Amino acid sequence: MRVNVTVNGEHRQADNVWEGESLLYVLRERLGLPGSKNACEQGECGSCTVYLDGVPACACLVAAGQAEGREVRTVEGLAEGDELDPVQESFVECGAVQCGFCTPGLLVAAHDLIERTGQPSDTEIREALAGNLCRCTGYEKILDAVKHAAARKAEVSR
């Protein structure tokens with residue numbers, strides 16, 4: 001099967017896709033976008049979170065064929081060229097990146113939250129990130145990074 005999808009604003013095509021392949025597999029193995037991680041393959045950890053038509057989704061749970069003709073934005077697509085998104089910059093600056101396995105999903109979830117709410121409360125941040133598991137941190141630096149990113153985005157928007 002052939003899958004045509006717009007990824008990070010660019011039309012992409014994957015050939016010889018098996019009907020049981022996930023969107024995650026296609027992104028990583030067929031389209032060369034390794035940012036989204038494959039950790040649980042059950043939609044439990046959040047490390048594979050991408051935007052699918054503007055809505056966060058676990059790419060491991062989306063059959064590749066379901067992405068036909070749709071828009072996907074991966075963690076790689078958050079940056080504008082060589083300039084990182086404020087969420088990405090804040091994760092680095094606040095030390096929220098440890099091993100990096102959970103980071104892509106956390107970045108997409110945090111980006112979505114800030115886009116929807118602007119200045120999220122601590123409770124909103126915790127709820128938005130609840131589907132993302134991190135085994136390296138105590139989450140405090142991640143929460144700090146989301147707050148920092150929201151403040152930066154608000155500052156830039158003025």
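1. Helices and strands in this note are DSSP runs, numbered from the N terminus; a helix has at least four residues and a strand at least two. The model is predicted. The points below take up two loops, the salt bridges, the nonpolar core and the empty spaces.

2. Start with the loop between strand E1 (3–7) and strand E2 (10–14), where Asn8 has its place. Asn8 is not a glycine, yet its phi is positive, at about 50 degrees. Its relative accessibility is 30%, so Asn8 counts as partly exposed.

3. Gly9 lies in the loop between E1 and E2 as well. Here the relative accessibility is 73%, and Gly9 therefore counts as exposed, the cut-off for that class being over 50%. What lies across from this loop in space? One answer is Arg73: the C-alpha atoms of Gly9 and Arg73 are separated by 7.7 Å, although the two residues are 64 residues apart along the chain.

4. Asn16 is found in the loop between E2 and helix H1 (23–30). Asn16 is another residue other than glycine with a positive phi, near 55 degrees. With a relative accessibility of 65%, Asn16 counts as exposed.

5. How many salt bridges does a search of the whole structure find? The search gives 10. Points 6 to 9 go through some of them.

6. Asp53 and Arg70 form a salt bridge in which the closest N and O atoms are 2.7 Å apart. Asp53 sits in the loop between strand E3 (49–52) and strand E4 (55–58), while Arg70 sits in the loop between E4 and strand E5 (71–73), so the pair ties together parts 17 residues apart in sequence. Neither partner needs to be looked for in the interior: Asp53 is partly exposed at 41% relative accessibility, and Arg70 is partly exposed with a relative accessible area of 28%.

7. Glu93 and Arg152 meet through their side chains in a salt bridge, with 3.0 Å from N to O. Glu93 belongs to helix H2 (residues 86–93) and Arg152 to helix H5 (residues 140–157); the two are 59 residues apart, and the pair links distant parts of the chain. Arg152 has a relative accessible area of 25% and is partly exposed.

8. Helix H5 appears again in the next pair. The side chains of Lys147 and Asp122 meet in a salt bridge at 3.2 Å, N to O. Lys147 is in helix H5 and Asp122 in helix H4 (residues 122–129), so this pair, 25 residues apart, also links distant parts of the chain. Lys147 is partly exposed, with a relative accessible area of 35%. Asp122 counts as partly exposed too, at 40% relative accessibility.

9. A further group is a network: salt bridges link Asp85, Glu115 and Lys153.

10. The largest nonpolar core has 23 residues, and the members that touch the most others are Val87, Phe91, Leu129, Ile142 and Val146. At least two residues of this core come from each of H2, helix H3 (103–117), H4 and H5. Which helix gives the most to the core? H3 does, with seven residues.

11. The structure holds one cavity of 30 Å³ or more, and the largest cavity encloses about 30 Å³ of space. Its lining is made up of Ala96, Gln98, Cys99, Gly100, Cys102, Thr103, Cys134, Cys136, Thr137 and Ile142. Six of these lining residues are nonpolar, four are polar and none is charged. Ile142 is also one of the core residues named in point 10.

12. The largest pocket has a volume of about 180 Å³. Its lining consists of Ala39, Cys40, Glu44, Cys45, Ser47, Cys99, Phe101, Cys102, Leu133, Cys134, Arg135 and Cys136. By class, nine lining residues are nonpolar, one is polar and two are charged. Cys99, Cys102, Cys134 and Cys136 are in this lining and also in that of the largest cavity.

13. Where does the largest pocket lie with respect to the domains? Domain 1 (3–75) and domain 2 (86–157) both contribute residues to its lining, so the pocket lies between them.

Note on methods:
Residues numbered from 1 in each chain as written. Predicted model: local features only at pLDDT ≥ 70, side-chain atom pairs only at ≥ 80, totals over all residues. Heavy atoms only, no water. 1 Å grid on protein atoms, 1.4 Å probe; cavity = no way out; pocket = protein on both sides within 12 Å on 5 of 7 lines; lining within 4 Å. Points joined across faces, edges and corners; volume = space filled by probe spheres on them. Nonpolar A, V, L, I, M, F, W, Y, C, P; charged D, E, K, R; others polar. Domains from an automatic or database assignment. Salt bridge = Lys/Arg side-chain N within 4 Å of Asp/Glu carboxyl O. Buried < 20%, exposed > 50% of the residue type's maximum accessible area, 1.4 Å probe, protein only. Core = buried A, V, L, I, M, F, W, Y, C linked by side-chain atoms within 4.5 Å.
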